[in-house]
Amino acid sequence: MRTFVLAASLAAPLLASAADLVTNGSFEADAQANGSWAIYNSLTGWMGPGIELRDNVAGTAFDGSNFVELDSNKNSSMSQTLTGIAGQYVLSFWYSARPNTAPGTNGLSFSLDGSTLGSVLVGVGNSSSTHSWQQYSTLVDFDGSAALTFSAIELGDSYGGSLDKVSFTAAVPEPQTYALMLAGLGAMGLIMSRRNRT
């Protein structure tokens, strides 16, 4: 029985939630006065150019009070070098077309180490006065170090797509995988317990 308890305690770190490799994914580490916006060449964890940080201007954040808007007019893009253990990761972020915009002004593309993973909001407008936040999530292979980049695409007219709550976490196994792992550890514990008796 002691062996099973030891095996289960060794498995506990594997069951812990995965760490997020993105620094400042909700853009809250940088102070922006309520009801204001400014364009920065860098934010905590991110490099620009043209990162537009907003706080309750032309919409509200999905998470916290700050969000980013990227626009082709300023050649807006932002990137962050991620470093971790090689493996499969989940890239997740929330996005919305800017309120009161026509299609063709909100597009965002995203890439990992220069390889385009996709784009959102291409040809999408927003006729309402509020954001309509949606989550994007995809599984990617990660070699342990890569630059994650978001860039504005489409029309350069000083309006752009909004971005919030960016995360990059190790893919968590399905619950069935945990059940099989714990069952295997239990079986190992019983076998070792029987060996110790003989």
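**Exercise 1. Determine whether glutamate 69 is buried or exposed, and work out which salt bridges involve glutamate 69.**

Step 1. Glutamate 69 has a relative accessible area of 0% and is therefore buried; buried means under 20% relative accessible area, exposed over 50%, and partly exposed in between, with a 1.4 Å probe and protein chains only. The model is a predicted one, in which local features need pLDDT of at least 70 and side-chain atom pairs count only at pLDDT 80 or more, while totals for chains, interfaces and linings use all residues. Residues are numbered from 1 along each chain as its sequence is written, and side-chain values use heavy atoms, with hydrogens and water left out.

Step 2. A salt bridge requires a side-chain nitrogen of Lys or Arg within 4 Å of a carboxyl oxygen of Asp or Glu. Glutamate 69 meets this with arginine 98, where the closest N and O atoms are 2.9 Å apart. This pair links distant parts of the chain, 29 residues apart: glutamate 69 is in strand 3, and arginine 98 is in the loop between strand 5 (87-96) and strand 6. Both glutamate 69 and arginine 98 are buried.

Step 3. Glutamate 69 also forms a salt bridge with arginine 54, with 3.6 Å between the closest N and O atoms. Glutamate 69 lies in strand 3 (residues 66-70) and arginine 54 in strand 2 (residues 46-55), so this pair ties together parts 15 residues apart in sequence. Helices (H or I, at least four residues) and strands (E, at least two) are DSSP runs, numbered from the N terminus.

**Exercise 2. Find how many salt bridges the whole structure has, and which residues are joined into one network.**

Step 1. The search of the whole structure gives three salt bridges. One of them pairs glutamate 52 with arginine 54, and the closest N and O atoms are 2.4 Å apart.

Step 2. Arginine 54 has 4% relative accessibility and so counts as buried. Glutamate 52 is buried too.

Step 3. Glutamate 69 bridges to arginine 98. Through shared partners, the salt bridges join Glu52, Arg54, Glu69 and Arg98 into one network.

**Exercise 3. Describe the surroundings of isoleucine 51 and the largest nonpolar core.**

Step 1. Isoleucine 51 is in strand 2. Its relative accessibility is 0%, so isoleucine 51 counts as buried.

Step 2. A contact means heavy atoms within 4.5 Å. Leaving out residues up to four places away in sequence, isoleucine 51 touches residues including Ala38, Tyr40, Trp46, Val68, Leu70 and Met78. Asparagine 75 is 24 residues from isoleucine 51 in sequence, with 9.4 Å from C-alpha to C-alpha.

Step 3. A nonpolar core is a set of buried Ala, Val, Leu, Ile, Met, Phe, Trp, Tyr and Cys residues joined through side-chain atoms within 4.5 Å. The largest has 30 residues, and those with the most contacts inside it are Trp46, Met78, Phe93, Leu148, Phe150, Val166 and Phe168. Among the elements that give two or more residues to this core are strand 4 (77-83), strand 8 (134-142), strand 9 (145-152) and strand 10 (161-170).

Step 4. With the same exclusion of residues up to four places away, tryptophan 46 touches Val22, Phe27, Ile51, Met78, Leu148, Phe150 and Val166, among others.

**Exercise 4. Classify the ring pair of phenylalanine 110 and phenylalanine 150.**

Step 1. Rings of Phe, Tyr and Trp (its six-membered ring) pair if their centres lie within 6.5 Å; planes under 30 degrees apart count as stacked, over 60 as edge-to-face and the rest as tilted. By this rule there are 14 aromatic pairs.

Step 2. For phenylalanine 110 and phenylalanine 150 the centres are 6.2 Å apart and the planes are at 40°, so the pair is tilted. Phenylalanine 110 is in strand 6 and phenylalanine 150 in strand 9, 40 residues apart. Both are buried.

Step 3. One aromatic cluster is formed by Phe27, Trp46, Phe93, Tyr95, Phe110, Tyr136 and Phe150.

**Exercise 5. Place serine 111, then summarise the protein and the confidence of the model.**

Step 1. Serine 111 is in strand 6 (residues 108-112). At 12% relative accessibility, serine 111 counts as buried. Its contacts, not counting residues up to four places away, are Thr116, Leu117, Ala147, Leu148 and Thr149.

Step 2. The protein has two helices and ten strands, in the order α-β-β-β-β-β-β-β-β-β-β-α from the N terminus. Of its 198 residues, 41% count as buried.

Step 3. The average pLDDT, the predictor's confidence in each residue from 0 to 100, is 87, and 79% of the residues score at least 70. Over residues 1-16 the pLDDT is below 50.
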